[in-house]
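User: I've got a fold open on my screen and I'd like to learn how to read its features. Could you walk me through it?

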Amino acid sequence: MATNTEIENFYKIYGPIVAEQCKGTGLHPEVILSQLILESAYGTKEAAYGNLGGRKILESKKQKGKEGVDYKITLTTEKLNSEKEINAFIEQQKALGYKIHSKPYKSGNQWAVRLDQPFEISGDGSPESNVQGQIAFLQNNPRYRRFGLFDAKTPEEAADILKKA
């Protein structure tokens, strides 16, 4: 959990960057900042370096020899809605060669597991390239445009669309 100082620093650093980089995109900065906070726990999660948005790299991209160039394997927690789903996910990840660090466990009303996962790194890992990578991910992924993220009239509408997409 982030400390008050980490939370304050996150807003001071990322607030202006997100506001500036969202200009002219149709994205609502408060929604993008909220997403980055949620995915990275104010930048304190293991996978946050160079990737506050928690963007995992596709296995197909990894198989094209990108390992070590634009992503790193990082310990993270994954949550799914049922014990059956989490067990299937664990078996899939084992088959892909990822290390599992815990047995499945209850986390609120979900099931969770600690394991290694491949996370994208944006540019040099700086706050500016970190935000730029998240915005580029949203712009380059057709599902966000198809759901209307860039046309949302309010931050609330954008948040709902982001969740659906």
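User: Let's start with a single residue. Is Tyr42 buried, partly exposed or exposed?

Analyst: Keep in mind that this is a predicted model. Tyr42 has a relative accessibility of 24%, so it counts as partly exposed. You'll find Tyr42 in the loop between H2 and H3.

User: What is the phi of Tyr42?

Analyst: Positive, at about 60°, although Tyr42 is not a glycine. Look at Ala41 too: its phi is near 50°, again a positive value in a residue other than glycine. Ala41 sits in the loop between helix H2 (29–40) and helix H3 (59–66). Ala41 is partly exposed because its relative accessibility is 25%.

User: Which residues lie nearest the centre of the second largest pocket?

Analyst: Tyr42 turns up here, along with Phe10, Ile13, Tyr14 and Gly43; the whole lining has 14 residues. Two elements give two or more residues to that lining, helix H1 (4–22) and helix H5 (127–140). H1 provides the largest share, with five residues. The pocket's volume is about 160 Å³.

User: What is the lining of that second largest pocket like by class?

Analyst: Eight of its residues are nonpolar, five are polar and one is charged.

User: Which residues is Pro127 in contact with, leaving aside its neighbours within four places in sequence?

Analyst: Ile13, Tyr14 and Ile17. Pro127 itself is found in helix H5. Its relative accessibility is 25%, so Pro127 counts as partly exposed. For another view of sequence against space, take Pro127 and Asn51: they are 76 residues apart in sequence, yet their C-alpha atoms are 9.3 Å apart.

User: On to charges. How do I read a salt bridge, and how many salt bridges are there?

Analyst: The general idea first: side chains of opposite charge can pair when their charged atoms come close. With a cut-off of 4 Å between a side-chain nitrogen of Lys or Arg and a carboxyl oxygen of Asp or Glu, the count here is three.

User: Where do Glu91 and Lys94 lie?

Analyst: Both are in helix H4 (residues 83–95), three residues apart, which is about one turn of the helix. Their side chains meet in a salt bridge at 3.6 Å, N to O. Glu91 is partly exposed because its relative accessibility is 47%, and Lys94 is partly exposed as well, with a relative accessible area of 46%.

User: And which residue does Lys23 meet in a salt bridge?

Analyst: Glu20, with an N to O distance of 3.1 Å. Lys23 has a relative accessible area of 58%, so it is exposed. Glu20 is partly exposed, at 48% relative accessibility.

User: What about Arg55 and Glu120: are they buried or exposed?

Analyst: Arg55 and Glu120 are both buried. The two form a salt bridge in which the closest N and O atoms are 3.2 Å apart. This pair links distant parts of the chain, with Arg55 in the loop between H2 and H3 and Glu120 in strand S3 (residues 110–120), 65 residues apart.

User: Now the nonpolar interior. Which residues have the most contacts inside the largest nonpolar core?

Analyst: Leu27, Leu138 and Leu149, in a core of 24 residues. H1, H2, H5 and helix H7 (155–164) each supply at least two residues of this core. Try centring your view on Leu27: not counting residues up to four places away in sequence, Leu27 touches Cys22, Ile32, Ile135, Leu138, Leu149 and Phe150. There is also a second, separate core of six residues, including Ile86, Phe89, Ile90 and Trp111.

User: One last residue: where is Glu78 found?

Analyst: In strand S1 (residues 71–80). Glu78 is buried because its relative accessible area is 14%, and buried here means under 20%. Leaving aside neighbours within four places in sequence, Glu78 is in contact with Lys56, Ile86, Phe89, Trp111, Ala112, Val113, Leu115 and Gln117. Among those contacts, Ile86, Phe89 and Trp111 also belong to the second core.

Methods: Residues numbered from 1 in each chain as written. Predicted model: local features only at pLDDT ≥ 70, side-chain atom pairs only at ≥ 80, totals over all residues. Heavy atoms only, no water. 1 Å grid on protein atoms, 1.4 Å probe; cavity = no way out; pocket = protein on both sides within 12 Å on 5 of 7 lines; lining within 4 Å. Points joined across faces, edges and corners; volume = space filled by probe spheres on them. Helix = DSSP H or I, 4+ residues; strand = E, 2+ residues; numbered from the N terminus. Nonpolar A, V, L, I, M, F, W, Y, C, P; charged D, E, K, R; others polar. Buried < 20%, exposed > 50% of the residue type's maximum accessible area, 1.4 Å probe, protein only. Contact = heavy atoms within 4.5 Å. Core = buried A, V, L, I, M, F, W, Y, C linked by side-chain atoms within 4.5 Å.
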